[in-house]
Amino acid sequence: MLQTLINAWGSLPELVRDIVWILIITVIIIISVALLTLWERKVIGWMQLRRGPNRVRIFGLLPGVGQPFADVFKLLMKEVIIPAKSNKVLFHLAPMITLIPAFAAWAVMPLSPDLVLSKADAGLLYVLSLTSMGVYGVIIAGWASNSKYAFLGAMRSAAQMVAYEIAMGFALVGVLMATGSMNLGKIVDSQAGGIGAWNWFWLFPLFAVYFISGVAETNRAPFDVAEGESEIVAGFHVEYSGIAFALFFLAEYANMILISALAAVFFLGGWQGPFQGYPGLGDTFLGAPSFGWLLLKVFCLIFLFLWFRATFPRYRYDQIMRLGWKALIPVTLVWIALEMVMASYHVGPWGRPWYH
């Protein structure tokens, strides 16, 4: 039976198989976002010595697990109120501009040694261009709402996202220098050899800058001044309700998963095993590359998002901009210059055969 299914799958046109994988990945991400909202409430509740959601069940089982699905149902049922003098076309378009890049970036994400939708050689540029598209959705949402509060939130968020996008781009330049490729699959392959061969070791400052910039890009705490409820009443999406608000909510959590996955691919070896090539362990599951390792790394990085929200106070806007322009960007430039020196002397990744 299994062999029949495998043969049937192999006989399908490549386009059909790609469409099926796109649907599978999209559904998995949406379900992951729903469960991530529950996980966030549980983790923060655990850190603050209180219970998270523990009432809504699924078929009478697993208390609390039904909470995210109840939230989705509530948002679907709520009325979408459109401001009278808003630009209605752009008002509806903004959530889609914010959400679509968070899903489209998975087209070049290497999930395992054999599973990737597109092996594009310019995958890194593709990802960088898509992750920078979110700022347009934010600006359009604030402007199209015809609300001063929403517009102020959009401007603050756009300035923040642009500042940290530059730092993120420079961090990826360092990855390109270390791996010699813009293909995400080849970037993972270049980190073969165990935990010491992953990019985090030689590019740790860039790894820290990339992840901090990712937290700021997603408007997550402590960089959530663009939607600080006590300051500007939810920021750029203050006029959105119902399913329109849910799309912004979905985009934020989908971007958290995306940033974590990209950080794992660029700096933590992607699906590479931590003990690959180690005597006695390299031939076991601890050294074998698999999707499970990528999943574990993404899980740990997402936990950091939740930890930050439960731990750090919200930064002032001037502190956020100072960190982006005067700290993170200079760090990336200095480390890129240091990489040039290491490349000249064939130190670290630049001593690998591909460089010569």
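This is a short dialogue on reading the helices and loops of a predicted model.

Me: How do I read the length of a helix, and what span should helix 7 have?
Reply: Multiply out a rise of 1.5 Å a residue, then compare the result with the distance between the end C-alpha atoms. Helix 7 covers residues 148-179, which is 32 residues, so a span of 46 Å is expected. The end C-alpha atoms are 46 Å apart, in agreement with that.

Me: What lies at the start of helix 7, and what comes just after helix 7?
Reply: At the start, look for a side chain that reaches a backbone nitrogen. Here a side-chain oxygen of Ser 147 comes to within 3.4 Å of the backbone nitrogen of Tyr 149. At the other end, look at the backbone angles. Gly 180, just after helix 7, has a positive phi of about 75°.

Me: How do I read the packing of two helices, and at what angle do helix 7 and helix 10 pack?
Reply: Take the angle and the axis distance, then the handedness, then the residues. Helix 7 and helix 10 pack at about 150°, and their axes are 9 Å apart. Angles over 145 degrees count as roughly antiparallel, so helix 7 is roughly antiparallel to helix 10. The crossing is left-handed.

Me: Which residues of helix 7 and helix 10 meet?
Reply: From helix 7 come Gln 160, Met 161, Tyr 164, Glu 165, Ala 167, Met 168, Ala 171, Leu 172 and Gly 174. From helix 10 come Leu 206, Val 209, Tyr 210, Ser 213, Gly 214, Ala 216 and Glu 217. Sorted by class, this contact has 10 nonpolar, 4 polar and 2 charged residues.

Me: How do helix 10 and helix 14 pack?
Reply: Read this pair by the steps already used. Helix 10 (residues 204-217) and helix 14 (residues 317-344) make an angle of about 150°, with axes 9 Å apart. Helix 10 is therefore roughly antiparallel to helix 14. Their crossing is left-handed. On helix 10 the contact uses Pro 205, Leu 206, Val 209, Ile 212 and Ser 213. On helix 14 it uses Leu 323, Leu 328, Val 331, Thr 332, Trp 335 and Glu 339. The classes are 8 nonpolar, 2 polar and 1 charged.

Me: What is the angle between helix 10 and helix 13?
Reply: Helix 13 spans residues 291-311, and helix 10 packs with helix 13 at about 60°, the axes being 11 Å apart. That angle makes helix 10 oblique to helix 13. The crossing is right-handed. Phe 207, Phe 211, Gly 214 and Val 215 of helix 10 touch Leu 301, Leu 304, Phe 305 and Phe 308 of helix 13. By class, the contact of helix 10 with helix 13 divides into 7 nonpolar, 1 polar and no charged residues.

Me: What should I check in the loops, and which residues does a cis peptide bond join?
Reply: Check omega for the peptide bond and phi for the backbone. Ala 221 and Pro 222 are joined by a cis peptide bond, with omega about 5°. Pro 222 sits in the loop between helix 10 and helix 11.

Me: Where is Leu 62, and what is its phi?
Reply: Leu 62 is in the loop between helix 2 (14-47) and helix 3 (67-77). Phi of Leu 62 is near 50°, a positive value in a residue other than glycine.

How values were computed
Residues are numbered from 1 along each chain as its sequence is written. This is a predicted model: local features need pLDDT of at least 70, side-chain atom pairs count only at pLDDT 80 or more; totals for chains, interfaces and linings use all residues. Side-chain values use heavy atoms; hydrogens and water are left out. Helices (H or I, at least four residues) and strands (E, at least two) are DSSP runs, numbered from the N terminus. The expected span of a helix is 1.5 Å times one less than its number of residues. A polar contact is a pair of N or O atoms within 3.5 Å; within protein, one must be able to donate a hydrogen and the other to accept it, and residues adjacent in sequence count only if both atoms are side-chain atoms. Axes are lines fitted to C-alpha atoms, for helices over the stretch in contact, and angles run from 0 to 180 degrees between N-to-C directions. Angles under 35 degrees count as roughly parallel, over 145 as roughly antiparallel, 65 to 115 as roughly perpendicular and the rest as oblique. A crossing is left-handed if the near helix is turned anticlockwise from the far one by less than a right angle, and right-handed if clockwise. Contact means heavy atoms within 4.5 Å. Ala, Val, Leu, Ile, Met, Phe, Trp, Tyr, Cys and Pro count as nonpolar, Asp, Glu, Lys and Arg as charged, and the others, Gly among them, as polar.
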